[in-house]
Structure formats: structure tokens, C-alpha cells
Amino acid sequence: MQFIDRVEIEVEAGKGGDGIVAFRREKYVPAGGPSGGNGGKGGSCILVATSDLQTLLDFKYNHRFKAEDGARGGPNNRTGANGSDRIIQVPCGTVVYDAETDEILGDIVEAGQTLCVAQGGKGGLGNQHFLSNRNRAPEYALPGLPGEQRLLRLELKLLAEVGIIGLPNAGKSTLISTISAAKPKIADYPFTTLVPNLGVVQKPDGDGAVFADIPGLIEGAHLGVGLGHDFLRHIERTRLLLHLIDVTAEDPIGNYRTIQEELSAYDRGLMERPQLLALSKIDAIDPAQTDLENLRQQLQELSGNQVFLISSATRSGLDNLLQQIWLILEQTEELEPETQLL
């Protein structure tokens with residue numbers, strides 16, 4: 001499945017139905033008077049969040065949506081039928097912008113949540129509405145009003161509790177494939193992961209937590225360098241960041257600083273998010289040549305965060321890491337939704 005997380009769509013609400021001019025013509029009512037009905041209201045365009053969609057791929061080829069127009073009024077004071085609303089399903093976690101003004105119209109997070117993005121036009125008034133003592137036979141009616149038209153930009157921000165971040169080839173995909181049923185592409189060259197991968201990891205209580213494997217960030221990611229600019233927003237909603245650092249790299253501490261600088265430059269409150277560090281691939285080094293404990297201590301003092309030593313290949317250290325993750329998630333569950341979903 002192709003991963004699409006940003007699209008533009010056009011929405012047009014239905015036009016209101018026209019009011020009509022009509023007069024009663026009944027056998028025993030010689031002065032029946034005006035009886036033109038009002039037009040029906042135009043249908044609106046409404047976005048609805050669904051858990052059945054994971055990307056915005058459906059909008060790549062179908063990007064124009066129009067609601068039904070309202071029906072014109074009828075004689076005998078009959079109001080025209082309202083136009084049907086156009087229901088547009090989007091994935092949970094979709095942020096809706098007005099593409100022309102860049103204004104945020106809404107953030108659709110939970111399944112079933114709705115957002116009206118284009119209001120249907122009001123139906124026109126029939127001539128019966130203008131009956132008065134001065135005008136006993138009005139011969140005019142009002143047309144229906146046009147519905148709203150908008151150009152929207154939809155951006156998907158993945159809903160995950162834990163975001164796994166790090167430089168390319170830090171071991172993120174291997175970790176998520178080890179602790180969950182996710183099967184991302186894994187290889188020994190940079191930028192193997194080109195799209196975010198989601199995996200559900202079972203908690204001790206039997207519930208599941210969603211982990212997101214974010215494509216590798218590099219220096220300058222917040223400016224559009226590499227792949228990071230497109231995917232940094234996917235960690236905005238996470239409650240915990242898990243930063244993986246390749247222990248076999250030439251400068252693990254320098255790599256740590258690179259990612260932290262990118263998070264700080266991107267802002268969105270990412271630096272205030274709880275964060276754990278893990279030195280990965282410890283099975284691939286010679287303990288006689290690398291002082292792991294000293295490296296761990298340096299990173300711990302530099303970051304102020306707990307640092308774990310792990311190997312996804314041998315599962316070494318994963319149980320302790322997950323135990324700490326569950327503890328932090330349990331502590332942050334008390335936070336308000338607005339704080340968690342920035």
C-alpha cells in the first residue's frame with residue numbers, strides 16, 4: 001500500500017433550492033393567495049474519521065467532492081427537499097487546513113469524529129413568505145444561496161504512543177519488527193525505511209501500545225534535508241520518544257546531538273516530550289574495544305535521560321526497555337488529551 005500523508009482536495013457544498021411563485025387554485029377558494037414553497041437547504045461536505053483508513057491514498061486520484069443541491073420549492077406551500085450531505089472518510093489523526101489561508105479548520109483524532117468543512121446553501125424563500133397586508137399577491141421569490149467552496153489541505157499525523165527516532169540505520173526497523181508483528185524493510189544501507197511503520201506491542205496487562213518507526217532523520221531535516229522534513233510531524237502526537245543510537249557508529253554522542261538539534265529546531269514541543277535513549281546493536285561490537293558502560297554514562301549525563309543497552313537481534317535488554325516504556329506511558333495517561341496530542 002502506498003503511503004500518502006499530505007493531499008489537497010476541493011469541496012463544494014450544495015446550492016440551496018430556489019423558492020417559487022405559485023398561487024392556490026382550488027375550486028371553492030376563489031381568493032387562494034400565494035402558495036409558493038421555499039427551496040430546500042443544500043447538502044454540506046462533512047469529514048468523518050475512520051479507523052479503517054491508514055493513509056490519504058484514496059484522495060490521490062479522487063480529490064473533488066460535491067454535495068447535493070437542495071430541491072426547489074413546490075406549490076401548495078411545499079418546501080423542497082434538502083440536499084444530501086457529502087460524507088468524506090479520512091484516517092484518524094488528520095489535520096485539516098484551508099489551503100489558501102493556511103488556517104487550521106480542525107483536527108480529527110477519534111473514530112466517528114466529524115468536521116463540517118463546507119456549509120450547504122440556504123434555500124430561497126417562496127412567494128408565500130412575502131404575503132402581507134400591503135401585498136396580498138406577491139409575484140416574486142428568492143433564489144437559493146450557493147454552498148461554500150473550499151480548497152483544503154489534509155495532513156496525516158500518525159497516532160502512536162511511542163515514536164522511535166534516530167539516524168538512518170540506527171536499528172529502528174529491526175527493533176519494531178522484533179517487538180511487534182510489523183514487517184518493515186530492513187537492510188544495511190541508509191534510508192531503507194521510506195515511510196513510517198506502525199507496530200502494536202502487547203503490554204503486560206494484555207492491552208496494546210502503538211509504536212511508530214519514523215524514517216531516519218539527518219542533519220538539516222527540519223529544513224527539508226533528507227526524509228525527515230516529511231515525517232517529523234508524525235512524532236508530534238507521541239507521548240514518548242525512544243531515541244536509538246547505533247553503538248557501532250564512529251561518533252555515537254555526535255549522532256545523539258544531531259537528532260536533538262533537529263527536534264529542537266522543529267519545535268512543536270518535542271523537546272519537552274518524555275524521552276528514552278537506547279544504544280543499539282551491542283551484539284555487533286567487541287567489548288574489549290568499546291567501553292559500553294562509559295559511553296552509556298556519558299550519554300546519560302549529557303541527556304539527563306535513562307540510557308539502555310539493547311540488541312534487537314539477540315533481544316538483549318529489550319525487556320528492561322519495554323518495562324520502562326510501560327511505566328512512562330502509565331504515568332502520562334493522566335495528561336489531558338490537548339497535552340498529549342499537540
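Let me begin with strand 2, residues 45-50, which runs parallel to strand 4 and is joined to strand 4 by six bridges; please keep in mind throughout that what we are looking at is a predicted model. One of the pairs you can find for yourselves is C45, whose bridge partner in strand 4 is R86. As a general reminder, strands of a sheet pair through backbone hydrogen bonds, and they do so either parallel or antiparallel.

Now, how do the strands of this open sheet follow one another? There are three of them, in the order 4-2-7, and the pairing is mixed. Strand 4, residues 86-91, and strand 7, residues 114-118, stand at the edges with a single partner strand each, so one side of each is left without a neighbour in the sheet. From one strand to the next, the twist averages 30°.

Let me turn to helix 4, which has twelve residues, 292-303, and which reaches 16 Å from its first C-alpha to its last, close to the 16 Å expected at 1.5 Å a residue. Which residues of helix 4 are buried? They are L292, L295, R296, L299 and S303, and because they cover an arc of only 100° around the axis, they lie on the same side of helix 4. In general, an α-helix has 3.6 residues a turn, so residues three or four places apart point the same way.

As for what covers these buried residues, the list includes strand 12 (240-246), helix 3 (252-266), strand 13 (275-280) and strand 14 (307-309). Finally, just after helix 4, you will find G304, which takes a positive phi of about 75°.

How values were computed. Residues are numbered from 1 along each chain as its sequence is written. This is a predicted model: local features need pLDDT of at least 70, side-chain atom pairs count only at pLDDT 80 or more; totals for chains, interfaces and linings use all residues. Side-chain values use heavy atoms; hydrogens and water are left out. Helices (H or I, at least four residues) and strands (E, at least two) are DSSP runs, numbered from the N terminus. The expected span of a helix is 1.5 Å times one less than its number of residues. Buried means under 20% relative accessible area, exposed over 50%, partly exposed in between (1.4 Å probe, protein chains only). The arc is that of the directions from the helix axis to the C-beta atoms. Contact means heavy atoms within 4.5 Å. Two strands pair if DSSP finds at least two bridges between them. Axes are lines fitted to C-alpha atoms, for helices over the stretch in contact, and angles run from 0 to 180 degrees between N-to-C directions.
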